[in-house]
Amino acid sequence: MSSKVRGKVNEKKRAPAAKTVPDELDGRFVDAIVRSLYDVSWGDARAWIARGAVRVDGAVMTQATTTVHKGATVTIELNAPRRRAPHEISKERIAHIDAHVVVVNKPPGVSSIAFDEKETGTLDEKVRDYLSATTRGAKGRPSLGVVHRLDKETSGLMVFTRTWLAKQSLTSQFRAHTVEREYFAIVHGNIRSQTITSHIVADRGDGLRGSIEAMRNRLGRGAEGQLAVTHIEAIEKLQGATLIKCRLETGRTHQIRIHLSEAGHPIVGERVYIRGFTGEAIEAPRVMLHAARLGFVHPVGDKEVHWEEPMPSDMAAVYAALRA
């Protein structure tokens, strides 16, 4: 290997130099500071934080939403041992459990189920581990049925089923659109209360999911899609944004994100459905979407049950900053 090539290899392994947070970045989240100081993408900045490679004044950063002030020293340790995502789920995140269903308050950054065979640490895996550890006399891997999902970055209430009867009942309820689902979202701009109805297709013509109605000139009149209905209630006007409540009448993949983006008000933190948005993007550690309320008819006894969860700390921090 030539000295020139060897030099390049060593250069790749060398950690970025330590940097001091300037005045203009005072009070920003650590992911935004890393992105700005080291000129990397949001994904790279958050990946460094997730693996435990980012230190501020010597302390390892574990949350992208940690506030950092001017004068702090940021160092990147690319050779630091990777932090392993815990496979446990705390008891506090179990909103309800009985012989038929488990209702969980999903944390952001965790996939509902595995995208492929290589992905681990998913919510269904964590719930199975929890059931294994807390169910006396259980033999083998606990059964768990998936009847709906939340996006990886979305937080909030999800239900899993534990019996065949429960899965049949809840699958029917989701299919009939009778399950009660309400979300909090923080969106760009000043949006009014309204109902958005469209027909969503897997590829609207540019590689993204989207509504036929929004891309009619590209898809043509013969295109067909799945009916999607989202009811939007404006709750509070913020600085350059609005806190809203979304009630799902249907539950298509990425429905809320698509509808709000096509309405010209993408969710704060959105990085996929933001093409064509000409306004100033507000920084956030993830998509500011939280499943706040879940209700359905219990599969045994026909009793209506529901649960509510307030927005988590990372979303509350963005909300508070935009209120100030």
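Which residues of H5 are buried?

**View 1. Helix H5 and its buried residues.** This is a predicted model, in which local features need pLDDT of at least 70, side-chain atom pairs count only at pLDDT 80 or more, and totals for chains, interfaces and linings use all residues. Residues are numbered from 1 along each chain as its sequence is written, and side-chain values use heavy atoms, with hydrogens and water left out. Ala166, Leu170, Gln173 and Phe174 are the buried residues of H5 (buried, under 20% relative accessible area; exposed, over 50%; 1.4 Å probe, protein chains only). Viewed down the axis of H5, these residues fall within an arc of 95° (taken from the directions from the helix axis to the C-beta atoms), so they line one face of the helix. Trp164 and Arg175, on the other side of H5, are exposed.

**View 2. Packing and end of helix H5.** The buried residues of H5 pack against strands E8 (101-106), E10 (155-161), E11 (180-188) and E16 (289-297), contact being heavy atoms within 4.5 Å. Helices (H or I, at least four residues) and strands (E, at least two) are DSSP runs, numbered from the N terminus. After H5 comes His177, with a positive phi near 60°.

**View 3. Residues lining the second largest pocket.** Among the 30 lining residues (an atom within 4 Å of a pocket point), His148, Arg149, Leu150, Gly251 and Thr253 are the closest to the centre of the second largest pocket. H5, E11 and helix H7 (255-262) each supply at least two residues of this lining.

Notes. 1 Å grid on protein atoms, 1.4 Å probe; cavity = no way out; pocket = protein on both sides within 12 Å on 5 of 7 lines; lining within 4 Å.
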